[in-house]
Amino acid sequence: MRERSFVMLKPDAVKRRLIGDVLNRFERRGLKVVATKMMVINKELAEKHYAEHAEKPFFKDLVDYITSGPVLAMVIEGGECISLIRKMVGATNPKEADMGTIRGDYAIETGRNMIHASDSTESAVREISLFFKDSEICNYILPD
Ligand code: CMP
């Protein structure tokens, strides 16, 4: 089933000049990037995006970090892409992420884990609508 996922390259990925490497992995896998936006997230949007972690002890650090520099927010489309992208991203704690995953190959700290990707259809819908208007998402056909 065709799905859309919300994916965000976090400030550490942008600062380390890894945007191209990560996008390359998604494209080579056959996924379609249908929206991108380079932005510095404000505190309000960060708190909404991470609302489910509001009571966690790391919440303040998480919000401070995600607002600390530019991120690349994007929408990626493909068949069952939500779980596929989570697999490509790897475990939240990069030390537990398999080699060959994005976090397993590029990161070592949970608080600097490079990338966010929606974990379910419901999160994808919610997160995409927080970051993008419908008119900012491109519908186009790619050859198979
Ligand atoms: P992400 O997949 O974006 O979703 C929630 C984020 O919270 C997660 O990546 C981590 O960056 C962060 N996070 C989760 N657990 C911890 C933790 N124990 N300490 C610091 N940050 C955390």
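This is a short tour of the structure, one selection at a time. Keep in mind that you are looking at a predicted model.

**Stop 1: the annotated domain**

Select residues 2-139. An unreviewed UniProt entry places the feature "domain: Nucleoside diphosphate kinase-like" here. Over this stretch the chain is 41% helix and 20% strand. Pick out the two end C-alpha atoms as well: they are 13 Å apart.

**Stop 2: three strands**

Next, colour β1 (residues 2-9) and β3 (residues 71-79). These two strands run antiparallel and are joined by eight bridges. Now add β2 (residues 32-39), which also runs antiparallel to β3, with seven bridges between them.

Which residue of β3 is the bridge partner of serine 5? Isoleucine 76 is the one to click. Stay on isoleucine 76, because valine 33 has its bridge partner there too.While β2 is still coloured, go to methionine 38, which lies in that strand. Methionine 38 is exposed, with 12 other C-beta atoms within 10 Å. Leaving aside neighbours within four places in sequence, methionine 38 is in contact with Pro70 and Leu72. For a longer look across the model, draw a distance from methionine 38 to threonine 121: they are 83 residues apart in sequence and 23 Å apart in space, C-alpha to C-alpha.

**Stop 3: from β3 into helix α5**

Follow the chain out of β3 to glutamate 80, in the loop that leads to α5. Glutamate 80 has a positive phi of about 45 degrees although it is not a glycine. Is this residue, glutamate 80, buried or exposed? With 11 C-beta neighbours inside 10 Å, it counts as exposed.

Now select helix α5 (residues 81-89) and show the side chains of Cys81, Ile82, Ile85, Met88 and Val89, the buried residues of this helix. They cover an arc of only 125 degrees around the axis, so they sit on the same side of α5. Turn on the surroundings to see what these buried residues pack against: β1, α2 (19-29), β3, α6 (102-106), β4 (115-117) and α7 (121-131). Just after the helix comes glycine 90, with a positive phi near 90 degrees.

**Stop 4: helix α7**

Move on to α7 and show Ala124, Glu127, Ile128 and Phe131, which are buried. Why can these residues be said to share a side of α7? Their arc around the axis is only 100 degrees, which puts them on the same side of the helix. Among the elements covering the buried residues of α7 are β1, β2, α3, β3 and α5. Rotate the helix to find the exposed residues Glu122 and Ser129 on the face turned away from the buried side.

**Stop 5: around the ligand**

Centre the view on the ligand. Which residues are around it? Select His53, Phe58, Leu62, Thr92, Thr110, Gly111, Asn113 and His116. By class, this shell has two nonpolar residues, six polar residues and no charged ones.

Keep that selection and add a second one from the record. The unreviewed UniProt entry places the feature "binding site" at Lys10, Phe58, Arg86, Thr92, Arg103 and Asn113. Phe58, Thr92 and Asn113 appear in both the shell and the annotation.

**Stop 6: two annotated residues up close**

Begin with lysine 10, in the loop between β1 and α1 (11-15). Lysine 10 is buried, with 22 other C-beta atoms within 10 Å. Not counting residues up to four places away in sequence, lysine 10 touches Ile66, Val71, Met114, Ile115 and His116.

Then go to phenylalanine 58, in the loop between α3 (43-49) and α4 (59-66). With 12 C-beta neighbours inside 10 Å, phenylalanine 58 counts as exposed.

**Stop 7: methionine 114**

For the last selection, return to one of the contacts of lysine 10, methionine 114. Methionine 114 lies in the loop between α6 and β4. Its phi is near 75 degrees, a positive value in a residue other than glycine. Is methionine 114 buried or exposed? With 24 C-beta neighbours inside 10 Å, methionine 114 counts as buried.

Methods: Residues are numbered from 1 along each chain as its sequence is written. This is a predicted model: local features need pLDDT of at least 70, side-chain atom pairs count only at pLDDT 80 or more; totals for chains, interfaces and linings use all residues. A residue is near a molecule or strand if its C-beta atom, placed from the backbone, lies within 6 Å of it. Ala, Val, Leu, Ile, Met, Phe, Trp, Tyr, Cys and Pro count as nonpolar, Asp, Glu, Lys and Arg as charged, and the others, Gly among them, as polar. UniProt positions are given in the numbering used here, feature names are shortened, and annotations may be inferred rather than shown by experiment. Helices (H or I, at least four residues) and strands (E, at least two) are DSSP runs, numbered from the N terminus. Two strands pair if DSSP finds at least two bridges between them. A residue is buried if 20 or more other C-beta atoms lie within 10 Å of its own, exposed if 12 or fewer, and partly exposed in between; C-beta atoms are placed from the backbone. The arc is that of the directions from the helix axis to the C-beta atoms. Two residues are in contact if their C-beta atoms, placed from the backbone, lie within 7 Å.
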